[in-house]
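Please go through the model below by question and answer. Short reasoning with explicit cut-offs is enough.

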Amino acid sequence: MAELDIGKHCNIKSCHQTDFLPFMCDACRGVFCLEHRSRDLHACPVVDVKKEVQISGGCTRYPCTFEDCKGKELLPVICPHCQKHFCLAHRHQDDHKCDKLETPKPRMAATQALVQKIVESKKALPPRKGRKGVKNAATAAKVTLMKLKLHAEGDKGLPQTERTYFNVFLPREGKDSSLPMFFCSKWSVGKVVDYAASLASLKNNNNVLTAKKLRLCHPQTGEALKMDDTLLSMLAHPDSPLYNGGDVILEYLDNDCSGLEDTSAYIPQS
């Protein structure tokens with residue numbers, strides 16, 4: 001009858017005991033008996049964790065395996081890559097020069113160099129003229145608004161937060177070409193027209209059916225603005241023809257006229 005080969009021998013030479021239910025170390029992959037199954041008892045060569053017992057406190061301390069480091073921890077701190085024990089200061093792969101630390105591959109290094117080259121080339125490019133033009137236009141608008149605030153006429157009782165400033169170009173038949181004015185942002189265009197007419201001493205026959213009507217017009221397209229729209233709603237619209245500190249044209253239009261054909265006679269074109 002053939003002899004059955006059941007179990008494994010303990011890898012410890014001094015033991016070499018046959019165990020029918022042997023234990024395999026998950027670190028060094030060695031086979032051990034019940035007595036030597038722990039890493040400490042079979043002196044695991046992969047995980048060299050030495051325990052040092054303090055006589056005074058009776059507390060187990062785990063020393064760091066990094067070269068010349070005397071740090072110790074109350075709990076084991078094991079690197080998941082090299083399976084060695086370290087203190088908190090050397091727990092990261094870079095800190096303990098882990099032999100399992102992956103270095104950047106040549107292809108990755110080449111990609112990083114290419115990206116860096118592109119970034120440097122973008123920095124060397126001159127700034128876009130379009131962006132500079134936008135900044136210059138915004139600065140010019142702020143300067144214009146400041147100048148309007150110094151000389152504009154309007155209701156002095158209006159709070160500063162409700163004031164909207166315009167350089168109002170007046171009808172060509174008048175003595176003045178334009179006047180700086182401010183209005184309440186809550187007013188309708190119709191009320192703005194009436195108030196501007198009173199400030200400029202213009203004849204206002206908007207309540208006469210057959211007379212020409214004073215209308216507020218777009219400074220570029222010449223389109224007459226709707227009389228029932230409020231300044232606040234128009235200023236808030238992203239495509240609004242109006243902005244605080246901008247230009248508007250006040251002119252007499254026939255009842256069937258929707259706007260001015262040419263605005264260059266009022267506002268010089270830059």
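The questions below run from the whole chain to single residues.

Q: What should be known about the model and its numbering before reading values from it?
A: Residues are numbered from 1 along each chain as its sequence is written, and side-chain values use heavy atoms, with hydrogens and water left out. This is a predicted model, in which local features need pLDDT of at least 70, side-chain atom pairs count only at pLDDT 80 or more, and totals for chains, interfaces and linings use all residues.

Q: How many helices and strands does the chain have?
A: Helices (H or I, at least four residues) and strands (E, at least two) are taken as DSSP runs, numbered from the N terminus. On that basis the secondary structure comes to four helices and eleven strands.

Q: What percentage of the residues of the chain count as buried?
A: Buried means under 20% relative accessible area, exposed over 50%, and partly exposed in between, with a 1.4 Å probe and protein chains only. The chain has 270 residues, and the buried share of them is 31%.

Q: Which residues have the most contacts inside the largest nonpolar core?
A: A nonpolar core is a set of buried Ala, Val, Leu, Ile, Met, Phe, Trp, Tyr and Cys residues joined through side-chain atoms within 4.5 Å. The largest one has 30 residues. Elements giving two or more residues to this core include α2 (129–151), β8 (163–169), β9 (178–184) and β11 (246–253). Those with the most contacts inside the core are Val168, Leu170, Met181, Phe183, Leu202, Leu216 and Leu250.

Q: How many residues are in the second, separate core?
A: This second core includes Phe169, Ala224, Ile249 and Ile267. Its residue count is eight.

Q: In what order do the four strands of the open sheet stand?
A: Two strands pair if DSSP finds at least two bridges between them. β8 and β9 pair in the antiparallel sense over seven bridges, while β8 and β11 pair in the parallel sense over four bridges. The pairing in the sheet is thus mixed, and the order is β9-β8-β11-β10.

Q: Which strands stand at the edges of this sheet?
A: An edge strand here has a single partner strand, so one side of it is left without a neighbour in the sheet. The strands in that position are β9 and β10.

Q: Why is β8 largely enclosed by the rest of the structure?
A: Arg163, Tyr165, Asn167 and Phe169 point one way from β8, and Thr164, Phe166 and Val168 point the other way. In a regular strand the side chains alternate between the two faces of the sheet. β8 is largely enclosed because its buried residues number seven of the seven.

Q: Which residue of β11 stands opposite Val168?
A: Leaving aside neighbours within four places in sequence, Val168 has contacts (heavy atoms within 4.5 Å) with residues including Met181, Phe183, Val248 and Leu250. Elsewhere in β8, the bridge partner of Asn167 in β11 is Asp247. The residue opposite Val168 is Val248.

Q: Within what arc do the buried residues of α3 fall?
A: The buried residues of α3 are Val189, Gly190, Val192, Val193, Ala196 and Ala197. They line one face of the helix, because seen down its axis they fall within a limited arc, taken from the directions from the helix axis to the C-beta atoms. These residues pack against β9, β10, α4 and β11. The arc is 160 degrees.

Q: Which residue has a side chain joined to that of Gln93 by a polar contact?
A: Gln93 is in the loop between β7 (72–73) and α1 (106–124), and is buried with a relative accessible area of 18%. A polar contact is a pair of N or O atoms within 3.5 Å; within protein, one must be able to donate a hydrogen and the other to accept it, and residues adjacent in sequence count only if both atoms are side-chain atoms. The contact here is 3.4 Å, and the partner of Gln93 is His81.

Q: Is Arg29 buried or exposed?
A: Arg29 is found in the loop between β3 (23–24) and β4 (31–32), with a positive phi near 65 degrees. Most residues other than glycine have a negative phi. At a relative accessible area of 53%, Arg29 is exposed.
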